[in-house]
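The following note sets out several points for a student who is reading this structure closely. Please keep the sequence and the model in view while working through them.

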Amino acid sequence: MRKKTLAAKWGVSERTVERWIADGLPTRNVFGSVRIAPTDAEKWMARTFGVAGDAA
């Protein structure tokens, strides 16, 4: 998913997602665009913030 999509699902700004990426949120580059796997985001959020949610 895109940074914008993840931000909307978690109710945060895209800048917050960019900070999360800088802090270690796993990403992939797909043809030059940053993408985040929903399951990676959920696992990272659970480990980092102790929250569970449906990021898919």
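1. Helices and strands are named here as DSSP runs, numbered from the N terminus, a helix having at least four residues and a strand at least two. With these names, Phe31 can be placed in the loop between β1 and β2 (33-35). The model under discussion is a predicted one.

2. Phe31 deserves attention for its backbone. Most residues other than glycine have a negative phi. Phe31, however, has a phi near 50°, a positive value in a residue other than glycine. Is the residue buried or exposed? Phe31 has a relative accessible area of 86% and is therefore exposed.

3. The helix α2 spans residues 14-22, and its buried residues are Thr16, Val17 and Trp20. These residues lie on the same side of α2, because the arc that they cover around the axis is only 100°. Their packing partners are α1 (3-10) and α3 (38-49).

4. How are α1 and α2 arranged with respect to each other? Two packed helices are described by the angle between their axes and the distance between the axes. The axes of α1 and α2 come within 8 Å and cross at roughly 110°. Angles of 65 to 115 degrees count as roughly perpendicular, and α1 and α2 are therefore roughly perpendicular to each other. On the α1 side, the residues that meet α2 are Lys3, Lys4, Leu6, Ala7 and Trp10; on the α2 side, Glu14, Val17, Glu18, Trp20 and Ile21 meet α1.

5. The helix α3 has twelve residues. From its first C-alpha to its last, α3 reaches 16 Å, close to the 16 Å expected at 1.5 Å a residue. Its buried residues are Asp40, Ala41, Trp44 and Met45. Seen down the axis, the buried residues of α3 fall within an arc of 130°, so they line one face of the helix. Lys43 and Arg47 are exposed on the other side of α3. The cover over the buried residues of α3 includes α1, α2 and β1 (28-30).

6. Asp40, which lies in α3, merits a separate remark. The cut-off for a buried residue is under 20% relative accessible area; Asp40, at 19% relative accessibility, therefore counts as buried. With neighbours within four places in sequence left aside, Asp40 is in contact with Pro26 and Arg28.

7. Which residues make up the largest nonpolar core? This core has nine residues: Leu6, Ala7, Val17, Trp20, Leu25, Ile36, Ala41, Trp44 and Met45. At least two residues of the core come from each of α1, α2 and α3, and α3 gives the most, with three residues. One member of the core is Trp20. Not counting residues up to four places away in sequence, Trp20 touches Leu6, Trp10, Val12, Leu25, Trp44, Met45 and Phe49.

8. Finally, two glycines should be noted. Gly24, just after α2, takes a positive phi of about 120°. Gly50, just after α3, takes a positive phi of about 70°. At 64% relative accessibility, Gly50 counts as exposed. The C-alpha atoms of Gly50 and Ala22 are separated by 18 Å, and the two residues are 28 residues apart along the chain.

Terms used. Residues numbered from 1 in each chain as written. Predicted model: local features only at pLDDT ≥ 70, side-chain atom pairs only at ≥ 80, totals over all residues. Heavy atoms only, no water. Buried < 20%, exposed > 50% of the residue type's maximum accessible area, 1.4 Å probe, protein only. Arc of directions from axis to C-beta. Contact = heavy atoms within 4.5 Å. Core = buried A, V, L, I, M, F, W, Y, C linked by side-chain atoms within 4.5 Å. Expected span 1.5 Å × (residues − 1). Axes fitted to C-alpha atoms, helices over the stretch in contact; angles between N-to-C directions. Parallel < 35°, antiparallel > 145°, perpendicular 65-115°, else oblique.
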